[in-house]
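Trainee: I should like to understand how the terms used for a protein model are justified. May we go through them one by one?

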Amino acid sequence: MPRPAIIPRHDDSNGWWEALPPPPPAKLLAGSHRVQTAIVGAGACGLAVALRLGLLCPDDEIALIEAERAGFGASGRNAGFMLNVHSHGPPKRIDILRRNMRLWESGLSDLRRMTVEFQIDCDWHDFGRIYGSAGPDGEKHIDEIAETLDRLELEHAWMTRDDMEARIGTRFYRRGLHTTGSALVNPAALMRGLARNLPVNVSLFEVSPVVGFETDDDAYVVETETGQVVADRLVLAAGVFLRQFGIAAGRYVSMATYASLTAPLSDGKLAALGTSEPFGLLASSEYGATIRLTNDKRLFFRNLFEFAPNAPTPAPRVSEIGKLHRKGMLNRWPDLKDTAFAHSWGGTMAFTWNDGAIFGEYAPGLFAVLTNDVSPMTRAAAAGRLLADFMEGEDSDLLSLQLGIPGASRLPPRPILDIGIAIRRGMLHAAAHKEF
């Protein structure tokens, strides 16, 4: 029986989660359950599979098993940008970017529809996004982003330094570029809201980490610390922990990024910030800072990427990086010197070498899905729904598009991989130091 070497247990303070009211008590997996399908992982992918599969198979019993709480893991830890398109620098192939856009836009449409249908209070805001450039690397990349948006015929507008100061309250950035189409949310609230609205034939078990699984008489036996599920089919949607189950090992890189969030700012602190209107800013540089002012007036700051083969990131490292976030905040808004971050946390993302897919049936009755690279939330919403369609033989042009994506290619072995990542990260850090 494969036994995951790493159990996903975060011990840091996810500010998006902490900003919400306490959730109802978790339903733990206890005893033995017999179902038609078991899904491991209640992040964006797993929830999308469960939401779709529950509707396609109304007479089936489906178990959704989550190691922590839905919304507390990686899908509830990102910057909350629901992206329709995103690219740093000129895309290697515009046709691949257009293909990805169809998937991202489909996932964005799903999430927008469900937010309205289920009345999910997740501070959904169709702001779009601002790209900001503060130094030479940002200036180079913002021009490339504008060129890409031109080629895609997507609406965008330039912002001068004065425009940036008027909109986000700082002259830190030389230029900005605003584009529409994407949305901002509290990602933990969105995930929690989707989990509350699962079809009636889907049972969600939380705080139930999987410790192993095996096949037994053409069924899968999924073991947790307190119970088991026996299922005809098994879907693995465990994010960067997927390789713990023997899927796609050596075909994606787990990278950690870090965020901090203030308490709601007072009127006086909003005056020091220079704006009270919500916004979302992405650095045009690959290694710059992501910043938001939320609907409830909290300042969010995210930067720094690290190789994280043994995610989750321990709380002491997160606390250390939170100090770098404070320095970045004061570089932009020095009058906020008396403002502290209430929460700092880490989250993980998967990157593949060739923008390749991890999607499909890996053994009879064993399915897996992992979103990779950019736009993880919208990509996950589409990929999870399409995997459920694939399992049930529901054909579509979008599914054909997804199935046409090449599989993730094999990466160099460690420690060669570690050295290559360290060199690449060092080069990006050096080029983008003005963007911090």
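**Terms and their evidence**

Mentor: Let us begin with a helix end: Gly-393 follows α9 and has a positive phi, near 70°. The model is predicted, so local features need pLDDT of at least 70 and side-chain atom pairs count only at pLDDT 80 or more, while totals for chains, interfaces and linings use all residues. Residues are numbered from 1 along each chain as its sequence is written, and side-chain values use heavy atoms, with hydrogens and water left out.

Trainee: What makes α9 a helix, and how does its reach compare with the span expected at 1.5 Å a residue?

Mentor: Helices are DSSP runs of H or I with at least four residues, strands are runs of E with at least two, and both are numbered from the N terminus. α9 has 17 residues. The expected span is 1.5 Å times one less than the number of residues. From first C-alpha to last, α9 reaches 24 Å, close to the 24 Å expected.

Trainee: How many residues of α9 are buried?

Mentor: Buried means under 20% relative accessible area, exposed means over 50%, and partly exposed lies in between, for a 1.4 Å probe and protein chains only. In α9, 14 of the 17 residues are buried, and the helix is mostly covered.

Trainee: Why is Cys-45 in no disulfide?

Mentor: A disulfide is a covalent bond between the sulfur atoms of two cysteines. The rule applied here asks for a pair of cysteine sulfur atoms within 2.5 Å. By this rule the count is zero disulfides. For Cys-45, the nearest cysteine sulfur is that of Cys-122, 18 Å away. Seen from Cys-122, the closest cysteine sulfur is in Cys-45, and 18 Å is too far for a bond.

Trainee: Are Cys-45 and Cys-122 buried or exposed?

Mentor: Cys-45 has 9% relative accessibility and counts as buried. Cys-122, at 1%, counts as buried too.

Trainee: What makes the contact of Glu-225 and Arg-9 a salt bridge?

Mentor: A salt bridge needs a side-chain nitrogen of Lys or Arg within 4 Å of a carboxyl oxygen of Asp or Glu. The side chains of Glu-225 and Arg-9 meet at 2.7 Å, N to O, and so satisfy the rule. Glu-225 lies in the loop between β10 (219-224) and β11 (227-236), and Arg-9 in the segment before α1 (15-18), so the pair ties together parts 216 residues apart in sequence. Arg-9 has a relative accessible area of 47% and is therefore partly exposed. The whole structure holds 24 salt bridges.

Trainee: How do you know that Asp-110 and Arg-113 are separated by about one helical turn?

Mentor: Asp-110 and Arg-113 are three residues apart in helix α3 (residues 94-117), hence the separation of about one turn. Their side chains form a salt bridge at 3.8 Å, N to O. Asp-110 is buried at 12% relative accessibility, whereas Arg-113 is partly exposed at 42%.

Trainee: Which parts does the pair Glu-139 and Arg-175 tie together?

Mentor: Glu-139 lies in helix α4 and Arg-175 in strand β6 (residues 175-179), so the pair links parts 36 residues apart in sequence. Their salt bridge has an N to O distance of 3.3 Å. Glu-139 is buried at 18%, and Arg-175 is partly exposed at 21%. Elsewhere, Asp-110, Arg-113, Glu-117 and Arg-385 are joined into one network by salt bridges that share partners.

Trainee: What is the volume of the largest cavity, and why is such a space called a cavity?

Mentor: On a 1 Å grid over the protein atoms alone, a cavity is a set of points where a 1.4 Å probe fits but cannot get out; lining residues have an atom within 4 Å of a point. Grid points are joined across faces, edges and corners, and a volume is the space filled by probe spheres set on the points. There are four cavities of 30 Å³ or more, and the largest has a volume of about 80 Å³. β17 (358-363), β18 (366-370) and α9 (376-392) each give two or more residues to the lining of the largest cavity.

Trainee: Which element gives the largest share of the lining of the second largest cavity?

Mentor: That element is α4, with three residues. The second largest cavity holds about 50 Å³ of space.

Key. On a 1 Å grid over the protein atoms alone, a cavity is a set of points where a 1.4 Å probe fits but cannot get out, and a pocket is an open set with protein on both sides within 12 Å along at least five of seven lines; lining residues have an atom within 4 Å of a point.
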